[in-house]
Amino acid sequence: MTREKPAAVSLYKQMDQGLSLDSRFQFHCHAGRPCFNRCCRTPTIILSPYDLLRLKQFLGLTSREFLERYTRREIEEWSNLPLIFIDPYRPEGEGCPFLGAEGCTVYAHRPAACRLFPITMGSQLTEQGTVDYYFCRQLDYCRGFAGDREWSLASWMADQGFAEYQEGRQGWLEILLKKGLQGPQGAVAELQDLFAAIAYDLDQFRRHLSEPEVFRVAEHAGLALEDLQTNDLALLQFSYRYLHSLLFGEEEESPPREK
Ligand code: SF4
Ligand code: SF4
């Protein structure tokens, strides 16, 4: 089977306009559509660390097992940092590995990109914080738009449970939007590996919590190691903080999120 590389992907968008939260559209996806499951056969799904956490918890896997079984890694063109994609070219066949005969088998824990579809988003980091832009993506074969349900962008996001995913990925997104890795190739590759290990392989990162440099950042942030050892979400948020410290220096605070 041919493995095609995706087109260069960037989370950064420089756009004057996109949809507003009040923008309205019609959409209704259900099993009766002739295109049912088709969009999951060739998906380009970027997984944030929060997406990864939700999926690996649901599947009862370690982060390393999940990464090795279901994903591939590509470099993001804006930041030069690694992104993790669901690999639709798993050995058993073509399509998202979580696609079953009845549809998505991880539906309650599906990634943010799957929740938002047919809406896509890009982001910018400004002095006021992260600004997200939303766009409607009309695949030519998608019959969901021949729908009898109307949404505003805000009501669609609420219906799809997008808020906790947006919150969970915020620190990661800020780093990707802020840092462009540059320098000698060897040094960049080393930093890319380090970023991937900390951001995406959370169980592995947990094993390094007592190392002096990691411990120092946790202590500086007033975080208890016991909590980080047992609370995945707290560890995820700390991994963002640690990456921030590693790449920018710990004195620098993350900018607020623009409402
Ligand atoms: S995770 Fe679920 S919704 Fe997303 S592409 Fe895979 S099967 Fe489709
Ligand atoms: S209606 Fe669109 S989103 Fe739903 S299954 Fe068909 S192609 Fe996918």
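## Ser239 and its surroundings

Ser239 has its place in helix α10, and in this predicted model the residue counts as buried, because 23 C-beta neighbours lie inside 10 Å and 20 or more are enough for that class. Not counting residues up to four places away in sequence, Ser239 touches Pro49, Ile198, Ala199, Leu202 and Phe205. One of these partners, Ile198, is 41 residues away from Ser239 in sequence, while the two are 6.3 Å apart in space, C-alpha to C-alpha.

Ala199, another of the residues that Ser239 touches, has contacts of its own with Pro49, Trp172, Ser239 and Leu243, again leaving out residues up to four places away in sequence. Pro49 therefore appears in both lists of contacts, that of Ser239 and that of Ala199, where a contact is a pair of C-beta atoms within 7 Å.

## The chain as a whole

The protein chain has 259 residues, of which 24% count as buried, and its secondary structure comes to 10 helices and nine strands. When contacts between residues at least 6 apart in sequence are considered, 75% of them join residues at least 24 apart.

## The largest nonpolar core

Which residues touch the most other members of the largest nonpolar core? Among the 41 residues of this core, they are Leu52, Ile84, Ile198, Ala199 and Leu243. At least two core residues are supplied by each of α1 (49-59), α2 (63-70), β4 (82-86), α3 (112-116), α5 (162-178), α6 (185-200), α7 (202-206) and α10 (232-248). The largest share, six residues, comes from α10, the helix in which Ser239 is also found. The core draws at least three residues from each of domain 1 (24-176) and domain 2 (182-248).

Helix α2 can be looked at by itself, since its buried residues are Ser63, Phe66, Leu67 and Tyr70. Seen down the axis of α2, these buried residues fall within an arc of 105°, so they line one face of the helix.

## Asp51, a buried charged residue

Asp51, a residue of the charged class, is found in helix α1 and is buried, with 24 other C-beta atoms within 10 Å. Leaving aside its neighbours within four places in sequence, Asp51 is in contact with Pro111, Ala112 and Tyr165. The C-alpha atoms of Asp51 and Gly168 are separated by 8.3 Å, although the two residues are 117 residues apart along the chain.

## The shells around the two ligands

The residues around ligand 1 are Cys40, Pro43, Ile45, Cys96, Phe98, Leu99, Cys104, Val106, Arg110, Pro111 and Cys114. By class, this shell divides into 10 nonpolar residues, no polar residue and one charged residue. Pro111, which belongs to the shell of ligand 1, is also one of the residues in contact with Asp51.

Around ligand 2 lie Cys29, Arg33, Cys35, Phe36, Asn37, Arg38, Cys39, Phe117, Leu139, Cys142, Arg143 and Gly144. Here the classes are seven nonpolar, two polar and three charged residues. Arg143, a member of this shell, has its place in the loop between β8 (129-136) and β9 (150-152), and with 16 C-beta neighbours inside 10 Å it counts as partly exposed. Arg143 touches Arg33, Pro34 and Cys35, not counting residues up to four places away in sequence, and Arg33, which is 110 residues away from Arg143 in sequence, is 6.5 Å from it in space, C-alpha to C-alpha.

## Backbone details

Where does a cis peptide bond occur? Such a bond joins Phe117 and Pro118, with omega about 15°. Pro118 has its place in the loop between α3 and β7 (119-126), while Phe117 is one of the residues around ligand 2.

Two asparagines have a positive phi, a value noted here for residues other than glycine: phi of Asn37 is near 80°, and phi of Asn80 is near 70°. Asn37, which is also among the residues around ligand 2, is found in the loop between β1 (24-26) and β2 (46-47), and it is partly exposed, with 16 other C-beta atoms within 10 Å. Asn80 is found in the loop between β3 (71-75) and β4, and with 17 C-beta neighbours inside 10 Å this residue counts as partly exposed.

Methods: Residues are numbered from 1 along each chain as its sequence is written. Chains are lettered from A and ligands numbered from 1 in the order in which they are written. This is a predicted model: local features need pLDDT of at least 70, side-chain atom pairs count only at pLDDT 80 or more; totals for chains, interfaces and linings use all residues. A nonpolar core is a set of buried Ala, Val, Leu, Ile, Met, Phe, Trp, Tyr and Cys residues joined through C-beta atoms within 7 Å. A residue is buried if 20 or more other C-beta atoms lie within 10 Å of its own, exposed if 12 or fewer, and partly exposed in between; C-beta atoms are placed from the backbone. Helices (H or I, at least four residues) and strands (E, at least two) are DSSP runs, numbered from the N terminus. Domain bounds come from an automatic or database domain assignment. Two residues are in contact if their C-beta atoms, placed from the backbone, lie within 7 Å. The arc is that of the directions from the helix axis to the C-beta atoms. A residue is near a molecule or strand if its C-beta atom, placed from the backbone, lies within 6 Å of it.
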